[in-house]
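Here's a quick tour for anyone opening this structure for the first time. Have the sequence and the 3D view side by side as you read.

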Amino acid sequence: MQHRQEIDRHRSVVVELPLEDGDGDCATFDLEKAVCSHGLFMMAPNRWDSLSKTLERPLRLSENINDDDHEQSVLVQITQPSDSPHSLLLRVFGTDSLSTIQQRSLLGQVRRMVRLSVEENKRVKQFQEICGEANERGFGRVFRSPTLFEDMVKCMLLCNCQWSRTLSMVEALCELQLELNCPSLAASFPDPDNQNQLKGITFKSEHFTPRTPATPAGKESRKRAGAYGCSRKLLERLTEVEEIIDIGKPGVTVTPAFSVGEEVLKKSNLCRDTTEVCDVGTSAPFNPDPSEDRKLSSFNQLGNFPSPKELASLDESFLAKRCGLGYRAGRIIKLAKGIVEGSIQLKELEEACSNPSLANYDKMAEQLREIDGFGRFTCANVLMCLGYYHVIPTDSETIRHLKQVHARTSTIQNVQRDVENIYGKYAPFQFLAYWLEVWHFYEERFGKLSEMPHSEYKLITAANMRRKRKGKCKKLKITSTEKLGV
């Protein structure tokens, strides 16, 4: 059962993000290649539409400094117009205006996702100079989330399970976020003293059945599920609800969230000539054609990715059951609590990694390993998201890839040595070289991943990787400068 929410697509604001900076322009930037470059783009609440080449997802609007507890989520469509490729357009639904602070917040999140910064631009150019194939394919940016917290949780969910289950757990977290913020959709939250109803809100117990097993055999400790629970604050808020509120009734405010369905993206007139675009620091309303009203009015949504504050006060057994997280639920809640309470400073961590170098990698990795649930693989993935490309996160997928592409039989004990032998020539961009090769292998098997239907994302599994198809994934080409070690 999926809870969804309607989005007001009659009101929107379009903000322009120029693809230029003080170090020169991003003439080679391609939104499709920047987004569809890592499995993170397939995870909710991201939604890529291959026809319009548009990324759609909810982002958070920062309110005033004294209102940190009430960040609003808004649905944002991001596109790179063919007639104006030197800028990105952000269409923000459900509002007529944006403050300067809100615009800066949205632009910062988009820049983070597609790695738009002077430093990132330099790294892309440097990598493409030493890897000719990356230059040919326009590869060099690896997609990530709008926040470090979202990256950290998603990296945790990559461990010890199949890809299909990772997708399911992330989607369940986004559904939960909507439930936590929309009382009318939170009918499934039970009162610990009354398992059947909560002040007129019907409890549907089947909603708590995990879509995937809670504990993979041999890898997760089995925990007996206790009574479902959620934050006291949420329960107190829900008990004030006297009746079920239907979304769409007058007077009910709905927060824009995650888009599902491709037809609206196809029909959305983001790049219409009549669209009023505003420069950075200003905003202008977008008035859709009245004939589009019917097409845009009944579109349903999923929630945003939950914030630390939204997860910190949840009961562990509730979160484990609701989202099928198993043992991961406790670790995610600990991470969220650490951030909320200030013992884990994500802003300081990200600032310390603003200019990644080999010298401070070990220090950053040591800090991350102090967090419960952050082992070698998760730390390496998080640091990759932060821009450290000289260490390759290795697991069974790496072993499979080396065997199929490089005819190397590696083990978990020696795979790190093997990848260094193969990709060391690309230092300090070993991960980018490895991932370029892996991504190309995926597309040899499944076709262009940016054109893959969302329903087929779950098919990218080790079993399907073994299927023989026409063509063979080639090893990376070595240019003459690479042979000379230049």
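**Two helices to start with**

Start with helix α5 (residues 148-156) and helix α15 (residues 376-385): their axes come within 9 Å and cross at roughly 150 degrees. An angle over 145 degrees counts as roughly antiparallel, and α5 and α15 are therefore roughly antiparallel to each other. Keep in mind that this is a predicted model. For the wider setting, the protein has 20 helices and 13 strands, and 55% of its 486 residues count as buried.

**How α5 and α15 meet**

- The crossing of α5 past α15 is right-handed.
- On the α5 side, the residues that meet α15 are L148, D151, M152, C155 and M156. Their partners in α15 are T378, N381, V382 and C385.
- Sorted by class, this contact of α5 with α15 has six nonpolar, two polar and one charged residues.
- How much of α5 is tucked away? Nine of its nine residues are buried, so α5 is largely enclosed by the rest of the structure.
- That buried set takes in the charged-class residues too: E150, D151 and K154 are among the buried residues of α5.

**A look at A380 in α15**

- A380 sits in helix α15, and its relative accessibility is 6%, so A380 counts as buried.
- Setting aside neighbours within four places in sequence, A380 is in contact with Y361, V391 and P393.
- L368 is twelve residues from A380 in sequence, and the C-alpha atoms of the two are 9.6 Å apart in space.

**Helix α12 and its surroundings**

- Helix α12 (residues 328-341) has 14 residues, which should span 20 Å at 1.5 Å a residue; its end C-alpha atoms are 20 Å apart, so the two agree.
- Buried residues in α12 include R328, A329, G330, I332 and I333. L335, A336, G338 and I339 in α12 are buried as well.
- What covers them? The cover over the buried residues of α12 includes α5, α6 (163-181), α10 (308-312), α11 (316-323) and α13 (346-352).
- Right after α12 comes G342, which has a positive phi, near 95 degrees.

**Where α11 packs on α12**

- The axes of α11 and α12 are 8 Å apart, and the two helices pack at an angle of about 120 degrees. That makes α11 oblique to α12.
- This crossing of α11 and α12 is right-handed.
- E316, L319 and A320 are the α11 residues in the contact, and they meet A329, G330 and I333 in α12.
- By class, the contact of α11 with α12 has four nonpolar, one polar and one charged residues.

**Partners from elsewhere in the chain**

- Among contacts between residues at least 6 apart in sequence, 73% join residues at least 24 apart.
- P306 is in the loop between β13 (300-302) and α10, and it is buried, with a relative accessible area of 2%.
- Not counting residues up to four places away in sequence, P306 touches R60, F149, L173, C174, Q177 and L311.
- One of those partners, L173, is 133 residues from P306 along the chain, yet their C-alpha atoms are separated by 6.7 Å.
- E119 belongs to helix α3 (residues 118-130) and counts as partly exposed at 27% relative accessibility.
- Leaving out residues up to four places away in sequence, E119 touches S354 and N355.
- E119 and P356 are 237 residues apart along the chain, with 9.4 Å between their C-alpha atoms.

**Backbone oddities**

- Most residues other than glycine have a negative phi, and most peptide bonds are trans. The residues below are exceptions worth a look.
- A44 and P45 are joined by a cis peptide bond, with omega about 5 degrees. P45 is in the loop between α1 (31-35) and β5 (47-49).
- Another cis peptide bond runs from A427 to P428, with omega near 5 degrees. You'll find P428 in the loop between α17 (415-423) and α18 (430-446).
- K53 has a positive phi, near 50 degrees. K53 is in the loop between β5 and β6 (54-61) and counts as partly exposed at 37% relative accessibility.
- A407 also has a positive phi, near 55 degrees. A407 lies in the loop between α16 (396-406) and α17 and is exposed, with a relative accessible area of 68%.

Technical notes: Residues are numbered from 1 along each chain as its sequence is written. This is a predicted model: local features need pLDDT of at least 70, side-chain atom pairs count only at pLDDT 80 or more; totals for chains, interfaces and linings use all residues. Side-chain values use heavy atoms; hydrogens and water are left out. Axes are lines fitted to C-alpha atoms, for helices over the stretch in contact, and angles run from 0 to 180 degrees between N-to-C directions. Helices (H or I, at least four residues) and strands (E, at least two) are DSSP runs, numbered from the N terminus. Angles under 35 degrees count as roughly parallel, over 145 as roughly antiparallel, 65 to 115 as roughly perpendicular and the rest as oblique. A crossing is left-handed if the near helix is turned anticlockwise from the far one by less than a right angle, and right-handed if clockwise. Contact means heavy atoms within 4.5 Å. The expected span of a helix is 1.5 Å times one less than its number of residues. Buried means under 20% relative accessible area, exposed over 50%, partly exposed in between (1.4 Å probe, protein chains only).
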